[in-house]
Amino acid sequence: QQWMQWINQITDDGQLSEGGNHFSRQGRVVEPGNVTINSPYIADSVSVAGYILILAKDIDEATGIATKCPILNGQNTSVEIREVASPRQ
């Protein structure tokens with residue numbers, strides 16, 4: 001419920017972009033030399049669980065939006081903020 005309230009708020013504010021997803025816990029990693037690992041990439045028992053794309057004027061505004069994410073109410077959770085590079089034209 002908290003998640004949907006947060007998503008609805010940033011949607012109403014015009015800050016939610018199309019795209020974003022929750023990832024499956026299953027996956028594979030392909031490495032050089034035709035090596036395939038039958039699990040997603042995990043570092044220190046941590047992996048990416050999903051992402052959303054938001055519209056913000058800069059990283060400070062994006063950080064402000066992220067600080068309200070209800071994921072942060074859990075234990076051992078975090079939200080990472082990254083700028084999406086514009087495609088070359």
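The questions and answers below walk through a predicted model of one protein.

Q: In what order do the elements of the protein run from the N terminus on?
A: The protein has 2 helices and 4 strands. Read from the N terminus on, these elements run α-β-β-β-β-α.

Q: What percentage of the 89 residues in the protein do buried residues make up?
A: The protein exposes about 7,900 Å², and carbon and sulfur atoms supply 48% of that area. A residue counts as buried when its relative accessible area is under 20%. Of the 89 residues in the protein, the share that is buried is 11%.

Q: Which residues of α1 are buried, and how wide is the arc within which they fall?
A: The buried residues of α1 are Trp6, Ile7 and Ile10. Seen down the axis of α1, they line one face of the helix, because their directions fall within an arc of 95 degrees.

Q: Against which elements do the buried residues of α2 pack?
A: Helix α2 covers residues 59–66, and its buried residues are Ala62, Ile65 and Ala66. Seen down the axis of α2, these residues fall within an arc of 100 degrees, so they line one face of the helix. The elements that the buried residues of α2 pack against are α1 and β4 (50–54).

Q: At the start of α2, which residue has a backbone nitrogen that a side-chain oxygen of Asp58 reaches?
A: The contact lies at the start of α2, where a side-chain oxygen of Asp58 comes to within 3.1 Å of a backbone nitrogen. The residue that carries this backbone nitrogen is Asp60.

Q: Is Gln15 buried or exposed?
A: Gln15 has its place in the loop between α1 (2–12) and β1 (16–22), and Gly14, whose phi is positive, near 70 degrees, follows α1. Leaving aside residues up to four places away in sequence, Gln15 touches Ile10, Leu53, Ile54, Leu55, Glu61 and Ile65; among these, Ile10 is one of the buried residues of α1, and Ile65 is one of the buried residues of α2. Because its relative accessibility is 13%, Gln15 counts as buried.

Q: How far apart in space are Cys69 and Trp6, C-alpha to C-alpha?
A: Cys69 lies in the segment after α2 and is buried, with a relative accessible area of 5%. Not counting residues up to four places away in sequence, Cys69 touches Trp3, Trp6 and Val79. Although Cys69 and Trp6 are 63 residues apart in sequence, the distance between their C-alpha atoms is 6.5 Å.

Q: Which residues form a nonpolar patch on the surface, with about 200 Å² of accessible area together?
A: One member of the patch is Ile71, which is found in the segment after α2 and counts as partly exposed at 38% relative accessibility. Another member, Val79, is also touched by the buried Cys69. The nonpolar patch on the surface is formed by Ile71, Leu72 and Val79.

Q: With which residue does Arg82 form a salt bridge?
A: Side chains of opposite charge can pair when their charged atoms come close. A search of the whole structure finds 1 salt bridge, and its closest N and O atoms are 2.6 Å apart. Arg82 counts as exposed at 66% relative accessibility, and its partner likewise counts as exposed, at 58%. The residue with which Arg82 forms this salt bridge is Glu80.

Conventions
Residues numbered from 1 in each chain as written. Predicted model: local features only at pLDDT ≥ 70, side-chain atom pairs only at ≥ 80, totals over all residues. Heavy atoms only, no water. Salt bridge = Lys/Arg side-chain N within 4 Å of Asp/Glu carboxyl O. Buried < 20%, exposed > 50% of the residue type's maximum accessible area, 1.4 Å probe, protein only. Contact = heavy atoms within 4.5 Å. Arc of directions from axis to C-beta. Polar contact = N/O pair within 3.5 Å; in protein donor to acceptor, adjacent residues only side chain to side chain. Patch = residues over 30% accessible without salt bridge, like charges linked within 9 Å, V, L, I, M, F, W, Y side chains within 5 Å. Areas by Shrake-Rupley, 256 points an atom, 1.4 Å probe, with all protein chains shown as cover.
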